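Thanks for coming. I will go through one model today, loop by loop and then sheet by sheet. Please have the sequence and the structure open.

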Amino acid sequence: MKDRITAVVLFLLATAAFAADAPPKVVALRAARMIDGRGGAVVSPAVIVIRGNRIDSIGGAVPADAQVIDLGDMTLLPGLIDAHVHTLLQGDITSEDYDTQLFKESLAYRALRASKAVKIALGNGFTTVRDLETEGAMYTDVDVKRAINNGVIDGPRMVVSTRALSVTGGYGPSGYSPEVTYPMGVQIVDGVDQARKAVREQIAHGADWIKVYADRSYFVAKDGTLSSTPTFNAEEMKAIVEEAHRLRHKVAAHAMARPGIENALNAGVDSIEHGISIPDDLLDMMVAKGVYLCPTLSVTDYVAAGRGGIWLKIPAFHRDSFSRALKRGVKIAFGTDAGGFAWDAFNEAKEFSYETKFGMTPMQAIQTATRNAADLLDMSDRIGTIETGKFADIVAVPGNPLNDITAMERVGFVMKDGNVYKRP
Ligand SMILES: [Zn+2]
């Protein structure tokens, strides 16, 4: 009996040792061309060898033991990065859409819907996303991220910001009787002490980034410019940024017009989200401080008709602001606000077409979702370009996206961390 137990134990140890020592899987990708994300010329033809979850070699010999995936007339690209999404939101053209999700859907149900959203994102070629707040779903983004990392569900690498911050009266739901208690879309804080505490709390519960709402209530001022009502005062905004940076986390600010953008930039935020109407002097400040613009062009267009009012005028301001930011050399990272439109309403990769329509070259647009977004996320050492040693996050689109940018909406091959999630 004892011998048998010893034999079983030895067998288990041997199996464990074999599993640990098993050589990583080798895959070779072949395609007509490759855009590596660094901005150089298109490489044609292309071959990439992946060992385990890393890029092992580019353009070299294919090892004899490699599994070869030939993608024919496709273009290989770095896994795409969407730096502004809401996986816990499923469309909010109107406040009714929004309130229904907060009032009638449990966090468990919202997590299940998010599990579908992240699968859609990955299928569209987005191997990394920055989730910029859960819209009332508390810390559920941390759980979605954990479920992906543990292999429970398929989805992109996630950088999360949990609840976001605004002030009393600064965020929805709104318009209900003061006697009614209901959940808020963000964490409401007032004053420097509450602001600092909330930053500490969110980071303690898993926030990678801090998201702050810098302005609200947009209107066209007498001089014809877009303006807004600020949320936090200068001291509160500074306290939020200072506390986040002190704890080695970055801050993204929703800021649409001067009152919010100026306050956010003065406080030292790391990215301006939307930036619907950024005056030239503030664009120059963004360049000087190295602050990223994450423009989210497609959602502006998508929600305008349904929201009506001032929103009908916002796309024109947005286009003008984006074009000036581009000319003045502001760093731009790809972001869509997916979730602001229903995840299955349209492919978030439509944003590439907006970027080119508003002045970018196709190569510039591709770089916003690869090298630039990786830089914004401080992940350039691991993702964003196809280079030896980086994570094997690789996608492929049919034909050449430099000739037809809408090819980015037809991702036919997705590899994340060396695993294939989609192939022709
Ligand atoms: Zn957003």
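Where is methionine 138 found? Methionine 138 is in the loop between strand 8 and helix 4. Helices (H or I, at least four residues) and strands (E, at least two) are DSSP runs, numbered from the N terminus.

Two remarks on conventions before I go on. Residues are numbered from 1 along each chain as its sequence is written. This is a predicted model, in which local features need pLDDT of at least 70 and side-chain atom pairs count only at pLDDT 80 or more, while totals for chains, interfaces and linings use all residues.

Back to that loop. Methionine 138 is not a glycine, yet has a positive phi of about 50°. Glutamate 133 is placed in the loop between strand 8 (126-131) and helix 4 (140-149), and is also a non-glycine residue with a positive phi, about 110°. Buried or partly exposed? A residue is buried if 20 or more other C-beta atoms lie within 10 Å of its own, exposed if 12 or fewer, and partly exposed in between, with C-beta atoms placed from the backbone. Glutamate 133 has 31 other C-beta atoms within 10 Å and is therefore buried. Methionine 138 has 16 C-beta neighbours inside 10 Å, so it counts as partly exposed.

Next, the cis peptide bonds. One joins serine 44 and proline 45, with omega about -10°; proline 45 sits in the loop between strand 2 (33-34) and strand 3. The peptide bond from glycine 172 to proline 173 is cis as well, with omega near -5°. Proline 173 belongs to the loop between strand 10 (165-166) and strand 11 (187-188).

Now the sheet that contains strand 3. This is an open sheet of four strands, in the order 4-3-1-5, with mixed pairing; two strands pair if DSSP finds at least two bridges between them. Strand 4 (54-58) and strand 5 (67-70) are at the edges with a single partner strand each, so one side of each has no neighbour in the sheet. From one strand to the next, the twist averages 25°; the underlying axes are lines fitted to C-alpha atoms, for helices over the stretch in contact, and angles run from 0 to 180 degrees between N-to-C directions.

Strand 1 (residues 26-31) and strand 3 run antiparallel, joined by six bridges, and valine 26 has arginine 51 as its bridge partner in strand 3. On the other side, strand 3 (residues 46-51) pairs with strand 4, antiparallel over four bridges. Isoleucine 50 is bridged to isoleucine 55 in strand 4, and isoleucine 48 to isoleucine 58. Two residues lie between the strands of this hairpin, where glycine 52 takes a positive phi near 65°. Of the six residues of strand 3, five are buried.

Isoleucine 58 has 17 other C-beta atoms within 10 Å, so it is partly exposed. Leaving out residues up to four places away in sequence, isoleucine 58 touches Ile48, Ile386 and Thr388, contact meaning C-beta atoms, placed from the backbone, within 7 Å.

What about the domains? The chain is divided into domain 1 (2-78 + 387-422) and domain 2 (80-346), with bounds from an automatic or database domain assignment. Their C-alpha centres lie 33 Å apart. Seven residues of domain 1 are in contact with seven residues of domain 2. On the domain 1 side, strand 20 (413-416) and strand 21 (419-422) are the elements giving two or more residues.

The largest nonpolar core has 123 residues, and Ile48, Leu76, Ile240, Ala264 and Val269 have the most contacts inside it. Domain 1 and domain 2 both give residues to this core, so it lies between them. A nonpolar core here is a set of buried Ala, Val, Leu, Ile, Met, Phe, Trp, Tyr and Cys residues joined through C-beta atoms within 7 Å. Isoleucine 240 touches Leu165, Ala195, Val199, Ile210, Val212 and Val251, not counting residues up to four places away in sequence.

Last, helix 7 (residues 258-267), where eight of the ten residues are buried. Among the buried ones are Arg258, Glu262 and Ala264. The buried residues pack against several elements, including strand 13, strand 14 and helix 6 (234-246). Glycine 268, just after helix 7, takes a positive phi of about 100°.

Definitions and conventions. Two residues are in contact if their C-beta atoms, placed from the backbone, lie within 7 Å.
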